[in-house]
2 protein chains.
Amino acid sequence: MRHVPIEGVVLTDAELDHSLGVVLLREGKRVPIYATAAVRSILEYDSRILPVTRAFADVPFTELPLDAAVPLLHADRSASGLTVEALAVPAGPPQFALAAPEGHTVGLIVRETDTGRTCAFVPGCGGLTPQLRDRLAEADVLLFDGTFWSDNEPVALGISTRTARQMDHVPIEGNGGSLEQLARLPCRHRVYTHVNNTNPVLLESSPERAAVVRAGLIVGDDGLYITV
Amino acid sequence: MRHVPIEGVVLTDAELDHSLGVVLLREGKRVPIYATAAVRSILEYDSRILPVTRAFADVPFTELPLDAAVPLLHADRSASGLTVEALAVPAGPPQFALAAPEGHTVGLIVRETDTGRTCAFVPGCGGLTPQLRDRLAEADVLLFDGTFWSDNEPVALGISTRTARQMDHVPIEGNGGSLEQLARLPCRHRVYTHVNNTNPVLLESSPERAAVVRAGLIVGDDGLYITV
């Protein structure tokens, strides 16, 4: 009756818009969560999302080490055939967090064990280091932080006093922007995700969208389905 | 750009499904909140909804004493012509709360100062005392806890091990149920609100809905608009 059709939740960080759903899912009997020790600590002590949720529902927790693949299980603990690996990415902790433990923001590499087929998911990333680019190059499907088009976008529009980079999001455009770097990766599918509603790539007829498509990337949308 | 078209939020308790929206509204520049000291304390220390929200947005807070009318202000602090009064109602605190300070669950009486016209809003109520019934009788419009039809409903359907009364909701039907008590009140409009999705009054052709209508009450729905 209050079943939630989700086998588990892997968190990349403890930002409210990425983790508050755990509270909203509390009516489900159990929602297994995977996250790093740093993310767990912020959910436990800073936003208190875990203790508040536990008052209503069992929350089985699997800790993700950094840089090591961990099996993803179905909710009944049977094997799923997938693993997930967390990679620390350059970023700051959530604004409400009282500390910034290592691993508070990660990208994920999800791999099908049998075939080796791989999806990288990096919804928030403050900088693309050569090491990180090398890891993302392994992916058949790359879903990457497309929050802002330009560094100055949030300031120019008056939604923030911080630039995109100051908010730990590499902008898409320009020198050192994500587009020129992702365009060189061999991944079969490269998709911008986590796109803010101020980003002109959301407009299908915009020159910014055309630039993304010309570089061989796409802009993700709800319901996007990719076969690898 | 991130304006929230809400002048203020009056909380009746700190239950997650009644207060988590404050976090979701954090993108709004400021969302004035009115609540009792007890509700504030639970939001501050137990669910940490207030400190987490304050990291993003100003949260002007007005404390509501029990049994005293307080002016409701527009977001710009100008007069609205309305007052709100909080009445403690029989109930337990939220499951995640570490204490049960007095006033953790209230009903509200909203009054237009010029005309005296009054709306009572009591979405969660574990018992209708004679004193509470007398206060509700003042209302032109009464919105009352219609969570469950019968006391055994949540147990019989397997959604809880606690009955309606044990969950602090007077059931609608039966001896001591809310229907027989509200049917005797002189309020011009009496409306069941906070109706759970297991409650048969939601079915327009059900005998339970017919019993509610026969007693002179209605079942509220989204977008309900009442002129007094």
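Here is a walk through a predicted model with two chains, A and B, starting where they meet and moving outward.

Let's begin with how the copies relate. Chain B lands on chain A after a rotation of 180° with 0.1 Å of shift along the axis, and the RMSD is 0.0 Å. The two copies are therefore related as by a two-fold rotation axis. If you want to find that axis on the chain B side, look for B:Arg48: its C-alpha is the nearest in chain B, 3.3 Å away. Both copies use the same surface, too, since 100% of the contact residues of chain B recur in chain A.

So what does that contact look like? Chain B puts in 21 residues and chain A puts in 21 residues. Together they bury about 2,000 Å², with carbon and sulfur atoms giving 67% of that area. Between the chains there are zero salt bridges, but four residue pairs are in polar contact. On chain B, helices H1 (16-19), H2 (21-24) and H3 (37-46) are among the elements that each supply at least two residues to the side touching chain A. Sort the residues on that side by type and you get twelve nonpolar, four polar and five charged.

Helix H3 deserves a closer look. In chain A, this helix runs over residues 37-46, and its buried residues are A:Ala38, A:Val39, A:Ile42, A:Leu43, A:Glu44 and A:Asp46. What covers them? Part of the cover comes from chain A itself, including helix H1 (16-19), strand E2 (33-35) and helix H4 (49-54), and helix H4 (49-54) of chain B joins in as well. Flip to chain B and you'll find B:Ala38, B:Val39, B:Ile42, B:Leu43, B:Glu44 and B:Asp46 buried in H3. There the packing partners are H1, strand E2 (33-35) and H4 of chain B, along with H4 of chain A. After H3 in chain A comes A:Arg48, with a positive phi near 60°. In chain B, B:Arg48 sits just after H3 and takes a positive phi of about 60°; B:Arg48 is also the residue we used to find the axis.

To see helix H4 reaching across, zoom in on A:Val52, which sits in H4 of chain A. This valine counts as buried because its relative accessibility is 4%, under the 20% cut-off. Its contacts include residues of the other chain: A:Val52 touches B:Leu16, B:Asp46, B:Ser47 and B:Phe96. Within chain A, the C-alpha atoms of A:Val52 and A:Val23 are 7.5 Å apart, with their positions 29 residues apart along the chain.

Now for the charged pairs. Side chains of opposite charge can pair when their charged atoms come close. Over all chains, the structure has twelve salt bridges. One of them joins A:Asp58 and A:Arg30, at 3.4 Å from N to O. A:Asp58 is in the loop between H4 and strand E3 (61-63), while A:Arg30 is in the loop between helix H2 (21-24) and E2, so this pair links parts of chain A that are 28 residues apart. Both ends are partly exposed: A:Asp58 at 45% relative accessibility and A:Arg30 at 34%. Chain B has a salt bridge between B:Asp58 and B:Arg30, with the closest N and O atoms 3.4 Å apart.

Another salt bridge pairs B:Glu85 with B:Arg135, where the closest N and O atoms are 2.8 Å apart. This one links strand E5 (residues 79-88), home of B:Glu85, to helix H5 (residues 130-136), home of B:Arg135, across 50 residues of sequence. B:Glu85 is buried at 8% relative accessibility, whereas B:Arg135 is partly exposed at 21%. Over in chain A, salt bridges with shared partners join A:Glu85, A:Arg111, A:Arg135 and A:Glu138 into one network.

B:Glu85 also turns up as a neighbor of B:Asp67, which touches B:Glu85, B:Ala86 and B:Leu87. B:Asp67 belongs to the loop between strands E3 (61-63) and E4 (69-73) of chain B, and it is exposed, at 53% relative accessible area.

Last stop: A:Glu153, in helix H6 (residues 153-156) of chain A. Is this glutamate buried or exposed? It is buried, with a relative accessible area of 6%. Its side chain makes a 2.7 Å polar contact with the side chain of A:Thr198, and a polar atom of that glutamate side chain lies 3.3 Å from the backbone nitrogen of A:Asn199.

Technical notes
Residues are numbered from 1 along each chain as its sequence is written. Chains are lettered from A and ligands numbered from 1 in the order in which they are written. This is a predicted model: local features need pLDDT of at least 70, side-chain atom pairs count only at pLDDT 80 or more; totals for chains, interfaces and linings use all residues. Side-chain values use heavy atoms; hydrogens and water are left out. Buried means under 20% relative accessible area, exposed over 50%, partly exposed in between (1.4 Å probe, protein chains only). Helices (H or I, at least four residues) and strands (E, at least two) are DSSP runs, numbered from the N terminus. Contact means heavy atoms within 4.5 Å. Copies are superposed by least squares on the C-alpha atoms of residues with pLDDT of at least 70 in both. Buried area is the accessible area (1.4 Å probe) that two parts lose on being put together, summed over both. A salt bridge is a side-chain nitrogen of Lys or Arg within 4 Å of a carboxyl oxygen of Asp or Glu. A polar contact is a pair of N or O atoms within 3.5 Å; within protein, one must be able to donate a hydrogen and the other to accept it, and residues adjacent in sequence count only if both atoms are side-chain atoms. Ala, Val, Leu, Ile, Met, Phe, Trp, Tyr, Cys and Pro count as nonpolar, Asp, Glu, Lys and Arg as charged, and the others, Gly among them, as polar. Lists of a residue's contacts leave out its neighbours within four places in sequence.
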